[in-house]
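Please look through the structure below before reading the briefing that follows, which goes from one helix to the sheet and then to the ligand.

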Amino acid sequence: MNAALASDSDSYGGGAAAGGRVLTPGLDVSHKTILYLQDISVSFDGFKALNNLSLDIDNGELRCIIGPNGAGKTTMMDVITGKTRPDSGSVFFGQTIDLTKFTEAEIAHAGIGRKFQKPTVFEQHSVFENLELAMKTDKRVRFSLTARLDSAQRDRIAETLALIQLAGEADRPAGLLSHGQKQWLEIGMLLMQEPRLLLLDEPVAGMTDEETERTGELCTTLAGKHSVIVVEHDMDFVAGIARKVTVLHEGSVLAEGSMAQVQNDPRVIEVYLGR
Ligand code: ADP
Ligand code: MG
């Protein structure tokens with residue numbers, strides 16, 4: 001665990017004495033699993049986008065999800081975040097919270113952050129202000145828009161700026177950032193809400209090689225404190241960060257294992273190359 005992350009949890013919320021703050025009170029990860037998808041099916045006009053999909057993510061895990069276009073990757077994220085209701089199946093966040101019973105806003109507040117492909121930063125505001133605004137939508141932080149930040153809040157923003165490698169750009173309008181920097185800023189904005197689970201849909205699309213590499217470092221740094229699910233087409237990127245990889249195909253899990261295991265799986269080779 002890196003020092004910035006450790007001091008982040010210490011400086012905020014006052015739980016340090018008890019060994020770190022509970023990010024989502026009541027989230028029971030005693031069985032090591034933070035997310036369970038069980039037999040999820042979603043149909044669009046009779047077409048099964050997800051077909052009895054079952055998947056488990058460990059607390060603190062970094063999971064990469066790959067699969068051809070139309071495999072159901074985005075639909076899976078839509079189900080986890082409450083945007084799409086499954087026709088059948090359940091989605092458990094920890095042992096006790098059935099996400100299919102909650103709204104999108106409730107799921108976000110429960111500690112699941114999602115980054116969409118297109119960054120949605122406030123272009124006219126500075127990088128610092130973007131992080132500040134993201135913190136102010138955190139329901140646990142009570143203060144008005146005009147209130148001054150206290151030192152703990154400033155520290156949290158500074159730590160996040162360092163983590164997303166934008167400390168040198170803090171005062172620049174976000175609209176002047178490169179495409180890759182905007183993506184990191186958006187990840188930083190999600191982090192200001194201290195999500196337990198982060199969902200990143202194609203985070204390196206359109207990035208330069210160097211930005212892609214830095215994004216990989218960020219993903220591996222975030223794992224541990226957060227659980228991270230990365231959906232990505234860029235195989236070099238996935239190979240660089242992968243621990244466990246899940247291959248989706250036609251709405252179900254086709255293969256799961258290390259990058260080497262799934263790359264050598266004949267069924268995976270068939271769906272990627274056999275068309
Ligand atoms: P992926 O992200 O893996 O490329 P998606 O989850 O976006 O796949 O899509 C899975 C399948 O479901 C595709 O065939 C897609 O056309 C279909 N689909 C996704 N969303 C909708 C929708 N809102 N209405 C109809 N079909 C949809
Ligand atoms: Mg998609």
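**Helix α5**

The 13 residues of helix α5 (residues 151–163) should span 18 Å at 1.5 Å a residue, and because its end C-alpha atoms are 18 Å apart, the expected and modelled spans agree. The expected span here is 1.5 Å times one less than the number of residues, and helices (H or I, at least four residues) and strands (E, at least two) are DSSP runs numbered from the N terminus. This is a predicted model, in which local features need pLDDT of at least 70 and side-chain atom pairs count only at pLDDT 80 or more, while totals for chains, interfaces and linings use all residues. Residues are numbered from 1 along each chain as its sequence is written, and chains are lettered from A and ligands numbered from 1 in the order in which they are written.

- Within α5, the buried residues are Q153, R156, I157, E159, T160, L161 and L163, where buried means that 20 or more other C-beta atoms, placed from the backbone, lie within 10 Å of the residue's own.
- Just after α5, Q165 takes a positive phi of about 60°.

**The sheet and its edge strand**

- An open sheet of 6 strands runs in the order β6-β7-β8-β3-β9-β10 with mixed pairing, two strands being paired if DSSP finds at least two bridges between them.
- The edge strands are β6 and β10 (252–257), each of which pairs on one side only.
- Strand β6 (residues 112–115) is covered on both faces, with I112 and R114 buried on one side and G113 and K115 buried on the other.
- β6 pairs with strand β7 (residues 197–201) in the parallel sense over 4 bridges; in β7, L199 is the bridge partner of R114, and L200 stands opposite K115.

**The shell around ligand 1**

- Ligand 1 is surrounded by F44, A49, G67, N69, G70, A71, G72, K73, T74 and T75, a residue being counted if its C-beta atom, placed from the backbone, lies within 6 Å of the molecule.
- These shell residues divide into 3 nonpolar, 6 polar and 1 charged, where Ala, Val, Leu, Ile, Met, Phe, Trp, Tyr, Cys and Pro count as nonpolar, Asp, Glu, Lys and Arg as charged, and the others, Gly among them, as polar.
- Helix α2 (residues 73–80) gives the most to this shell, with 3 residues.

**The chain as a whole**

- The protein chain holds 10 helices and 10 strands, and 39% of its 275 residues count as buried.

Technical notes: Buried ≥ 20, exposed ≤ 12 C-beta atoms within 10 Å, placed from the backbone.
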